[in-house]
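Colleague: I would be grateful for a close look at the charged pairs in this model and at the helices that carry them. Please give one connected account.

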Amino acid sequence: MEVGQTVADPGVVGGVDTHKDLHVAAVVDELDRVLESRCFATTRQGYKQMLTWMRSFGRGKNDDLDAQNAAHAAFAGRRTVAPKSRDGMVESLRVLKACRKTAVAARRVALQMIHNTIVCAPDDLRETLRKMTRMQLIRTLAAWRPDLTDYRSVGSAYRITLKSLGRRYLELHDEIADLDTMIVAIVDELAPALVARNSIGHGSAAQLLVTAGDNAERLQSEASFAALCGASPVPASSGKNDPPSPQQRRRSGGQQCAPHHRHRTASDRSPDQGLHREACC
């Protein structure tokens, strides 16, 4: 992610190219000339050092293209950061989606535990559950009434465990259904034309809305939204870059491989992945 902000002197602009372990910062003057660039750790102390360095014009290396481009763009006003406002229905949609995501993950874990527990259960118990469909199995387990005082017995312990897991699955299932109802209602209200399009479901539409935010006007072009979604790759010479594998070299006939690209490190790939799933379904 490339960000820029004026620091210290009004005629000085700092730009930062963010990475997982290190951020690269660059400073340009009032004539858009690169003064310096330097790497800083992605820690609280590193951020303080970066700001102090920008204000004091510390020495550093000057061969980091991304950071310099970020500073140039910030100086020209082409790429200044406007954060999401988080004060409207899109923010409500975001927190509901986040809650749903964790509920889906927990339901998946509960189902896996049910299957794993049945595999290890005594033979007579396992045989009674072997041929049931998923929901038949879940509802059967949730309806069991095991003797809770007999938990020291292996058979009763398995029944108590499976009943608990079955009820947990159903509770999560109902929770997800309730959240889906709320999410669909918000999406229908905010973007009815979007869900009316072919291959765009409520899930993908909700993700696109969340990515854009409540103040979508901050995205001034399709290109800026593509960059936010990671759909506008940058040269792989920037950031971490792995050398070509032996297979890639063989496919190229031993010739020099053409420059390749990578996704922006701070981009949100969720919209791209959601649309891909919709198109494939």
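Modeller:
**Salt bridges and their helices**

R100 and D180 form a salt bridge in this predicted model, with the closest N and O atoms 2.4 Å apart. R100 belongs to helix α3 and D180 to helix α6, so the pair ties together parts that are 80 residues apart in sequence. R100 is partly exposed, with a relative accessible area of 28%, and D180 is likewise classed as partly exposed, at 27%. In general, side chains of opposite charge can pair when their charged atoms come close.

The structure as a whole holds 5 salt bridges. One of them joins D123 to R126, where the closest N and O atoms are 2.4 Å apart. Both residues lie in helix α4, which spans residues 123-129, and they are 3 residues apart, about one turn of the helix. D123 is exposed, because its relative accessible area is 53% and the class begins over 50%.

Another salt bridge links the side chains of R33 and D29, at 2.8 Å from N to O. The accessibility of its partners can be stated separately: R33 is partly exposed at 47% relative accessibility, whereas D29 is buried at 6%.

Helix α6 also contributes to a charged surface feature. E171, D174, E175 and D178 gather there in a patch of negative charge on the surface. Of these, D178 is found in helix α6, which covers residues 154-190. D178 has a relative accessible area of 47% and is therefore partly exposed.

Helix α3, which comprises residues 89-120, also contains E91. E91 counts as buried because its relative accessibility is 17%, and the limit for that class is under 20%. E91 and V210 are 119 residues apart in sequence, yet their C-alpha atoms are 7.2 Å apart in space.

V210 is one of the buried residues of helix α8, among them also S204, L208 and A212. Helix α8 runs over residues 202-212 and is mostly covered, with 9 of its 11 residues buried. G213 follows α8 and has a positive phi, near 90 degrees.

Finally, the cysteines may be considered. A search of the whole structure finds 0 disulfides. C39 is partly exposed, with a relative accessible area of 28%, while C120 counts as exposed at 56%.

Conventions:
Residues numbered from 1 in each chain as written. Predicted model: local features only at pLDDT ≥ 70, side-chain atom pairs only at ≥ 80, totals over all residues. Heavy atoms only, no water. Patch = residues over 30% accessible without salt bridge, like charges linked within 9 Å, V, L, I, M, F, W, Y side chains within 5 Å. Areas by Shrake-Rupley, 256 points an atom, 1.4 Å probe, with all protein chains shown as cover. Salt bridge = Lys/Arg side-chain N within 4 Å of Asp/Glu carboxyl O. Lys, Arg positive; Asp, Glu negative; His and termini not counted. Charge placed at Lys NZ, Arg CZ, Asp CG, Glu CD. Helix = DSSP H or I, 4+ residues; strand = E, 2+ residues; numbered from the N terminus. Buried < 20%, exposed > 50% of the residue type's maximum accessible area, 1.4 Å probe, protein only. Disulfide = S-S within 2.5 Å.
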